[in-house]
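Me: I'd like to go through this model with you and ask for the reasoning behind each label. Could you take it step by step?

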Amino acid sequence: MIDARPARRLAWTGAVTAALLALATFGVFFVAPEDSDQGIIQKIFYFHVAIAIVSLIAFAVSCVTGVLYLRTRQERHDEVSAICIGIGMGFSALVVVTGSIWAKASWGTWWVWTDPRLVTFVIVILLYAAYFVLRSSAEGERRFRYSAVYAIAAFASVPLSFYSVRVARSFVHPVVFTQSGANMPDSMLIWFAVSLVAMLGVFLTLLQLELIQRRADRALRRVKMRLEASS
């Protein structure tokens with residue numbers, strides 16, 4: 001008997017996420033005040049920073065599920081860890097694209113190699129890209145174990161990227177959140193919060209969708225094997 005609960009959860013999560021994305025887009029472009037220095041291009045901040053935070057959350061989840069796999073040896077933890085890294089890589093690519101557009105408009109260049117936040121973020125992306133190379137080089141339980149250990153080790157690069165801009169304050173990348181709070185008025189902060197929740201919804205929707213897809217593929221393979229065995 002097919003369990004319909006994951007599909008129902010996916011439908012609810014997808015619907016709420018779509019509503020939040022619509023609300024965030026409306027609020028950012030029609031309600032939030034326009035930045036006096038940067039003008040309309042500053043609106044990209046609401047999505048760029050939210051996507052960046054969610055990409056790091058995805059990597060954090062992959063680290064936690066990697067630990068859970070090493071403790072329990074349950075394949076479902078390996079599955080979630082690998083999916084989260086894939087989603088985190090996708091979000092990271094969007095961070096680079098939106099950041100480059102913002103940088104071109106604000107700094108006059110697509111990229112600044114002397115900025116520590118940008119360089120360390122590239123290092124994070126390259127480290128997690130190597131995860132899939134390692135994963136494809138092993139089989140069976142070794143594949144799961146190596147992947148879990150690498151997911152945990154690679155997460156050490158995430159705090160490096162997060163704190164780099166705070167250590168090097170003289171560089172061009174702005175610091176939005178400081179120890180004293182958000183460096184923006186409440187009229188901007190509320191729409192940033194809505195954008196962040198919407199991006200978290202996108203992450204959860206993609207995670208559930210990929211899990212359902214993989215479980216459906218496994219079910220189909222089992223049916224095919226039974227049919228081949230009975231023929």
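Reply: Gladly; what follows takes the salt bridges, the nonpolar core, one residue of a helix and a surface patch in turn. Please keep in mind that this is a predicted model.

Me: What makes E79 and R215 a salt bridge?

Reply: Their side chains meet with N and O at 4.0 Å. The cut-off is a Lys or Arg side-chain nitrogen within 4 Å of an Asp or Glu carboxyl oxygen, so the pair qualifies. E79 sits in helix 3 (residues 75-107) and R215 in helix 7 (residues 186-230), with their positions 136 residues apart in the chain, and the pair links these distant parts.

Me: Why is E79 called buried?

Reply: Its relative accessibility is 7%. Buried means under 20%, so E79 belongs in that class.

Me: And why is R215 called partly exposed?

Reply: R215 has a relative accessible area of 39%. Partly exposed covers what lies between buried, under 20%, and exposed, over 50%, so the label fits R215.

Me: How do you know that R218 and E79 form a salt bridge?

Reply: The N to O distance between their side chains is 2.6 Å. That is within 4 Å, so this pair counts as well. R218 is in helix 7 and E79 in helix 3, so the bridge ties together parts 139 residues apart in sequence. R218 itself is partly exposed, at 29% relative accessible area.

Me: What separates R214 and E210 along helix 7?

Reply: About one helical turn, because the two residues are four apart in helix 7. The closest N and O atoms of R214 and E210 are 3.1 Å apart, so this salt bridge also meets the 4 Å limit. R214 has 29% relative accessibility and E210 has 31%; both values fall between 20% and 50%, so each residue is partly exposed.

Me: How many salt bridges are there in the structure?

Reply: There are six. R73, E141 and R145 are linked in a network of salt bridges.

Me: Which residues touch the most other members of the largest nonpolar core?

Reply: They are F45, Y46, F91, Y128, F192, F203 and L207, in a core of 44 residues. At least two core residues come from each of helix 1 (5-31), helix 2 (44-72), helix 3, helix 4 (116-136), helix 5 (140-154) and helix 7. Helix 2 gives the most, with 12 residues.

Me: What does L207 contact, leaving aside its neighbours within four places in sequence?

Reply: L207 is in contact with V80, I83, C84 and I87. Contact here stands for heavy atoms within 4.5 Å.

Me: What makes A103 buried?

Reply: A103, a residue of helix 3, has a relative accessible area of 4%. That is under 20%, so A103 is buried. Not counting residues up to four places away in sequence, A103 touches G108, T109 and W110. The C-alpha atoms of A103 and I41 are separated by 9.8 Å, with the two residues 62 apart along the chain.

Me: Which residues make the nonpolar surface patch of about 550 Å²?

Reply: The patch is made by F26, F29, F30, V31 and I40. F26 is found in helix 1 and has a relative accessible area of 47%. Patch residues need over 30%, so F26 passes that test. Because 47% is also between 20% and 50%, F26 is called partly exposed.

Methods. Residues are numbered from 1 along each chain as its sequence is written. This is a predicted model: local features need pLDDT of at least 70, side-chain atom pairs count only at pLDDT 80 or more; totals for chains, interfaces and linings use all residues. Side-chain values use heavy atoms; hydrogens and water are left out. Buried means under 20% relative accessible area, exposed over 50%, partly exposed in between (1.4 Å probe, protein chains only). A nonpolar core is a set of buried Ala, Val, Leu, Ile, Met, Phe, Trp, Tyr and Cys residues joined through side-chain atoms within 4.5 Å. Patches are made of residues with over 30% relative accessible area and no salt bridge: like charges are joined within 9 Å, nonpolar side chains (Val, Leu, Ile, Met, Phe, Trp, Tyr) within 5 Å. Accessible areas come from the Shrake-Rupley method with a 1.4 Å probe; for residues, only the protein chains shown count as cover.
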